[in-house]
Amino acid sequence: MHASSSLAKSCCCCCCLLSSVPVQDDNFRLYLVSKLPNPAYGPEISGKTMIINYSVTEQGLQAQLLNATVAHERPDLEEQRETLVRDTSENKALLKQLEDTLLRELSNATGNILDNIDLVTTLENTKSKATEIFSKLAMARETTKEIETLRGRYFPAAKRGAILFFVLSCLSAINNMYEYSLGSFMEVFQISLDTSPKALSLDGRLKNIIEALTYDLYNYACTGLFEKHKLMLSFQMTIRILDGEKQLDHAQLDFFLKGNLSLEKAEKLNPFSEWFPEQGWQDLMRMIDLGQQFKDMVAHFEANEQVWRAWYDEEKPEEEAMPGNFTEVMNLFEQLLVLRCFRIDRITVALTRYVMEKMSEKYVTPPVLDYKNIHRQSSAMSPIVFILSPGADPAFDVFNLGEEIGFKPGVKLKYMALGQGMGPKAAESIEVGSSRGLWVMLQNCHLLPSWLKTLEKILEKLQKPHVDFRLWLTTEPSDRFPLGILQRSLKVVTEPPNGLKLNMRSSYAKITEEGLADCPHPAYRPQVFVVAFFHAVVQERRKYGRLGWNVAYDFNETDLRISLALISTYLKKAHDNKDDQIPWGTLRYLIGEAMYGGRVSDSFDRRILATYLDEYLGDFLFDKFHPFHFYKNEADAVDYKLPEYGTKENYTTYIDSLPIVQTPEVFGLHPNADISYYTITTKRLWKDLVNLQPRTAGAIGGVKREDVIDKVAQDLLSKIPQPYDLPVIKKEIGIPTPVQVVLLQELERWNKLIISMEYSLQQVRRALAGEIGMSKELDDLGTALFNGQLPAFWRKLSPQTEKMLATWMVWLLRRHTQYTDWIEKGEPKVMWLSGLHIPETYIAALIQTACRDRGWPLDKSTIYTQVTKFTSPSQITEKPKHGCYVEGLYLEGAAWDEETSMLKHQDPKHLVVELPIMQLFPIEASKLKLTNTFRTPVYVTQARRNAMGVGLIFEADVATTTHPSHWVLQGVALVLNIDH
């Protein structure tokens, strides 16, 4: 329905649709149904409609699942209950009919009632029937009690089912592709009832049902989840089950997920700041409020630094006993809280152990993707949706499955890649396939989102398709994918193999001995292995996030296949021409710039790609006196090398001998990269789990959610500084210099942020008090304040940051101090770049000022940097005439040697170090000659630069005597602000 104005008003008698105004009948009713789980409607709609929340409740679902369980286990009991309900309803209706008949006879009677024989007879008959009905109803009540008592024994299975459904249904808060309907859940529930083992006793049978249901649902959900979300699912299932059994401490869970959310730092200073993280200390100061055992632990920690430091330095502290015998004092979950304060990077491993302890090991072992099993689970009415991840393509596996089952691609398996204008052809294929029992595969559905609504309608109209019909869809995660398709489909996530060994094994599974023999050049087989290793390295490097690549590129099998074809072509030509020289430069360019490089949008990522190829492709591969090794560590007996020349089996045997888990050093990264990876994974896990928690839960200490939000808003309002008076400042400055122009622009943006913060906080407090309606924006703001996160609306007006709300407020107030000093005392001697909204404009202003003074051409001038020996602004007496000093730069991927003022290898567990003060010199580009330096990017945050190039500030020069390729592969970069 398309409305050109409002649908209807309560006082109107017509409904305006399009351009016609038909007369509205008094019996007209308009019902609109939404599949959105939590739709937000403004006051203009809410005030004119009656909105009914028709979503299932936990109690309602428990009753529904209890009916299904009893009907399966005791059909006689369920049939008896249904008969009883039907008879009771009929008896009540008959009783009402008798009463109505009696009243009608009495009202129509004339004269003396006692003389009316017919009336007296009617009265006697009614009385006898009513007595009989009352007797039946009384018996029915007794029978109902007996039946409900028997049915109640099956309640644990229904309760577990309801808990698991709500775990499943809330996953859409993490990724909109994780949509599940009640219908699909009921199918899993019914399968679990059918397949769970029988037992001699009812208790044994219930235990089997509950175990089968929990594991079946875990497998069902895992099939449609990305790898990074599977541990989150296991933990969420565990805590929801424990909560259902009243075994969960909500205050401890809240602390575990959020840490210390206080806007004020603890009064007690960190006594071990040289090795113990500051955020960990702040969390400890909050944790002591959760129980006496934590107070005792912190006291023991302060009194016994050495033993706790030794535990902190353990490679796997979660497997070692805590000092002071606290492992015996605290339960497993309380130990997780302590680990949170000491070693965030070990949380994922500890969570895995926790799930194994509370559930079992199989709940941390996701099922292996089995295409035959997927086909068995599917049906003609529900499509199979493959959710793609970079580097994965399920088409090849579906084609192989089709060949096995008798659905040959191109004959009984119709496939096409969707794009503009392909909608009608796809609809035709579905129509033909559903009637003839064919398979239809539509690839890259995310590229044609406008047609997907049409596909949803086609599937809704599909009534009785052929039993062999299957619809296979592939799509990247998309917020435009229709809920109707997602909720009725079987979702399958496809990801490339995890780990170098499995990745290379997968690549060699698609290489044949005939293909290797096709090229007669003796260098071909070794180069196939090298390029396969390179392919695995560039794919697996994604694991390390922005330390690996700035952008997660979808390098896939096609890149490998065509690269091998190019090598074969050039080596055949060299062999035919009897040329001993291999065109390494050409091959490096074609593979690094055309094939793999064609996907790379970031210049620093392209530098990494080129470095790998320089290290992997060259005549040194065949140097017999210095055998080539990709990576070798004799201490750990690890050696990634080029195998002996031979058949395909020779190479696959070597691949099988490789370790299943590789060290980051294989990629050229520091071992600390693993710590960085696990830390980022933990923080993402916490963020996702916070989004999954029910909003009805009380906060710490039983305080209402609304009260917590109101108090946080009140505290923030008391801290927000006043906006600057720009007209007065502009008047005092007069004609501004380039640097003063930057200051005025910064203050404009600052004022906009401060005014918006103050207004939104006042509005959310009014909404909580009921003075105004709670809009979606205010609701999101309240949720962010409750979770200690930076609200999205403020983030848009603020410089790029990854900080939580508490640390962001400290950062905000420091920015205010710098702006105030700049206004009152002039340009700072040492500029804190992190405090500027757009640091690039300040650096550009410095270059512009120098060019004006010295007469340089602006387009041929640049910045040269040098790290000084200064570690504090107080050590600097005056600002340089041109350029500036900057502080607050953090070095990631390397450490800094203060004695030699050069880059050095990181120390264990020190992921980020603060650089001494850096000096920026404007200089003519033609006069810049650098030696023994490494050109490193300077980013705003540790998120580095996105695919659009946002996040890069400038490039800095840092001193080093090590070859630049080492630092390139280590992912060395400078960042302006870190997340704590």
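**Exercise 1. Strand 1 and its partners**

Determine which strands pair with strand 1 in this predicted model, and in which sense.

Solution. Start with strand 4: strand 1 pairs with strand 4 in the parallel sense, over four bridges. A residue pair fixes the register here, since the bridge partner of Ile384 in strand 4 is Trp472. Next take strand 5 (residues 490–494), which pairs with strand 1 over five bridges, again in the parallel sense. On this side Phe386 has Val492 of strand 5 as its bridge partner.

Now look at the side chains. In a regular strand they alternate between the two faces of the sheet. In strand 1, Ile384, Phe386 and Leu388 point one way, while Val385 and Ile387 point the other way. These residues are all buried, and the count for strand 1 is five buried out of five.

**Exercise 2. The buried face of helix 17**

List the buried residues of helix 17 (residues 395–405) and work out how they are arranged around the helix axis.

Solution. The buried residues are Ala395, Val398, Phe399, Leu401 and Gly402. Viewed down the axis of helix 17, they fall within an arc of 160°, so they line one face of the helix. The next step is to find what that face meets. The buried residues pack against helix 16 (371–377) and against four strands: strand 1 (384–388), strand 2 (413–417), strand 3 (439–443) and strand 4 (470–475). Strand 1 and strand 4, paired in Exercise 1, are thus among the elements that helix 17 packs against. Finally, inspect the end of the helix: Gly406 follows helix 17 and has a positive phi, near 105°.

**Exercise 3. A buried aspartate**

Asp605 is buried: find the nearest side chain of opposite charge, and then the side chain with which Asp605 makes a polar contact.

Solution. First place the residue: Asp605 belongs to helix 26 (residues 603–616). The nearest side chain of opposite charge is that of Arg541, 6.9 Å away. A salt bridge requires the nitrogen and oxygen to be within 4 Å, and Asp605 has no salt bridge. The polar contact is with the side chain of Tyr553, at 2.7 Å. Beyond its neighbours within four places in sequence, Asp605 is in contact with Trp549, Asn550, Val551, Tyr553 and Val600.

**Exercise 4. Three salt bridges**

For the pairs Lys632–Glu634, Glu924–Lys927 and Glu892–Arg944, decide whether each partner is buried, partly exposed or exposed.

Solution. The cut-offs needed are under 20% relative accessible area for buried and over 50% for exposed, with partly exposed in between.

- Lys632 and Glu634 meet at 3.7 Å, N to O. Lys632 has a relative accessible area of 43% and is partly exposed; Glu634, at 65%, is exposed.
- Glu924 and Lys927 meet at 3.0 Å. Glu924, at 15%, is buried, whereas Lys927, at 57%, is exposed.
- Glu892 and Arg944 have their closest N and O atoms 3.2 Å apart. This pair links distant parts of the chain, 52 residues apart: Glu892 is in strand 11 (residues 890–892) and Arg944 is in the loop between strand 16 and strand 17. Glu892 is buried at 9%, and Arg944 is buried at 5%.

In total, the model has 32 salt bridges.

**Exercise 5. Strands 16 and 17**

In which sense do strand 16 (residues 933–939) and strand 17 pair, and over how many bridges?

Solution. The pairing is antiparallel and runs over seven bridges. One residue pair to check is Arg935 with its bridge partner Asp957 in strand 17. Strand 17 (residues 952–959) is mostly covered, with six of its eight residues buried.

**Exercise 6. Two buried helix residues**

Identify the contacts of Val528 and Leu213, leaving aside neighbours within four places in sequence.

Solution. Val528 sits in helix 23 (residues 524–540) and is buried, at 2% relative accessible area. Its contacts are Tyr508, Ile511, Leu516 and Leu564. Val528 also lies 9.1 Å from Ser568, C-alpha to C-alpha, across 40 residues of sequence.

Leu213 sits in helix 7 (residues 202–223) and is buried, at 1%. The contacts of Leu213 are Ala157, Arg160, Gly161, Leu164, Phe189 and Ser192. Between Leu213 and Thr195, 18 residues apart in sequence, the C-alpha distance is 9.5 Å.

Terms used
Residues numbered from 1 in each chain as written. Predicted model: local features only at pLDDT ≥ 70, side-chain atom pairs only at ≥ 80, totals over all residues. Heavy atoms only, no water. Helix = DSSP H or I, 4+ residues; strand = E, 2+ residues; numbered from the N terminus. Buried < 20%, exposed > 50% of the residue type's maximum accessible area, 1.4 Å probe, protein only. Lys, Arg positive; Asp, Glu negative; His and termini not counted. Polar contact = N/O pair within 3.5 Å; in protein donor to acceptor, adjacent residues only side chain to side chain. Contact = heavy atoms within 4.5 Å. Arc of directions from axis to C-beta. Pairing = 2+ DSSP bridges.
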